[in-house]
Amino acid sequence: MSEASVARKARPKFLDLREIRLPLPGIVSILHRISGAGLFLLLPFLLYLFDLSVSSPETFATYKAIVGHPLVKLILFGLLWAYLHHFCAGIRFLLLDLHKGIELEPARQSARLVLIVSLTLTVILGVWLW
Amino acid sequence: MVKRLVVGAHYGLRDWLAQRATATYMVLYTIVFAFAALTLPKMDYEHWSALFSGGLMRFLTFLFFMSLAYHAWVGVRDIWMDYVKPLGLRLALHLITLFLLVGYAGWAAKILWRL
Ligand code: HEM
């Protein structure tokens, strides 16, 4: 047996999904991807609402009725969070790209900040809007 | 051994930059929009639609949707490339994404210029 394969065998594996803990920056990162994909998927719905809301007083009323539906409210609440999370995490990534805050501790703290700020803003704006 | 795939004429860096430039613009626009929308005297049809019919705001909003389309194109394509390996399927998904985004951009332009 070659040395390489021995070395490979000896490598510790830790892939128990119930035990793996994704660190905070990892959580922010995967949520950034999920929020981006979600925004993309629901973009036609948002454009449709935007279209209704600015076309005429009548369609504005239709728009009001649609966004008044509890299920639609729930979806919009989710989208609001998706946008705000993607927004905050996006700014964090842009700063990291400029090598701002890339050390372990600052990066952890900014990740926590992103989660807290986007959730807080979602609740404040969500409650205020609806 | 690492097998490296040649994936075209280094469009990677250009798109990476464009994704960041469009992201920066969308951040700025979001702040301007949020401020304008939250300070509307009244949330009714007249005030809301007037928000987008001014020359400057219409232009900025149009630019926002163009940025969004380019940004989402790079982003969604990255996601397909990460998870979808069969080439034909991947190509089909890329094309669908592209057509959708071009369509959305056209739709947004139509909405804005009808105002
Ligand atoms: C407020 C404005 C936005 C900012 C600051 C922003 C920022 C960013 C940044 C910096 C990236 C690159 C992340 C990376 O390479 O790891 C990114 C990726 C992405 N963005 Fe945005 N974005 C914004 C709006 C949007 C919108 C409105 C959409 C959807 C329609 C979107 C969809 C995506 C997607 C799908 C990706 C790819 C995600 C991935 O590869 O994991 N973004 N965004």
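A residue is taken to be near the ligand if one of its heavy atoms lies within 4 Å of it, and the views below apply this cut-off to a predicted model.

**View 1. The ligand site is shared between chains A and B.** Because the residues that surround the ligand come from chains A and B, the site belongs to both chains. The shell holds 21 residues, of which A:His32, A:Arg33, A:His86, B:Arg20 and B:His71 come nearest to the ligand. By residue class, the shell divides into 12 nonpolar, 7 polar and 2 charged residues.

**View 2. Helices of both chains supply the shell around the ligand.** Helix H2 (24-55) and helix H4 (70-97) of chain A each give at least two residues to the shell, as do helix H1 (11-38) and helix H3 (55-83) of chain B. The largest share, 6 residues, is that of H3(B).

**View 3. Polar side-chain atoms of A:Arg33, A:His86 and B:Arg20 approach the ligand.** An N or O atom in the side chain of A:Arg33 is 2.6 Å from an oxygen atom of the ligand, while a polar side-chain atom of B:Arg20 lies 3.0 Å from a ligand oxygen atom. For A:His86, a side-chain N or O atom is 2.8 Å from a nitrogen atom of the ligand.

**View 4. A nonpolar patch lies on the surface of chain A.** The patch is formed by A:Leu41, A:Leu42, A:Leu71, A:Leu74 and A:Ile75, which together have about 480 Å² of accessible area. H2 and H4 of chain A are the elements that give two or more residues to this patch, and the largest share, 3 residues, comes from H4(A). A:Leu71, placed in helix H4 of chain A, counts as exposed because its relative accessible area is 53%, where the cut-off for exposed is over 50%.

Notes
Residues are numbered from 1 along each chain as its sequence is written. Chains are lettered from A and ligands numbered from 1 in the order in which they are written. This is a predicted model: local features need pLDDT of at least 70, side-chain atom pairs count only at pLDDT 80 or more; totals for chains, interfaces and linings use all residues. Side-chain values use heavy atoms; hydrogens and water are left out. A polar contact is a pair of N or O atoms within 3.5 Å; within protein, one must be able to donate a hydrogen and the other to accept it, and residues adjacent in sequence count only if both atoms are side-chain atoms. Helices (H or I, at least four residues) and strands (E, at least two) are DSSP runs, numbered from the N terminus. Ala, Val, Leu, Ile, Met, Phe, Trp, Tyr, Cys and Pro count as nonpolar, Asp, Glu, Lys and Arg as charged, and the others, Gly among them, as polar. Patches are made of residues with over 30% relative accessible area and no salt bridge: like charges are joined within 9 Å, nonpolar side chains (Val, Leu, Ile, Met, Phe, Trp, Tyr) within 5 Å. Accessible areas come from the Shrake-Rupley method with a 1.4 Å probe; for residues, only the protein chains shown count as cover. A salt bridge is a side-chain nitrogen of Lys or Arg within 4 Å of a carboxyl oxygen of Asp or Glu. Buried means under 20% relative accessible area, exposed over 50%, partly exposed in between (1.4 Å probe, protein chains only).
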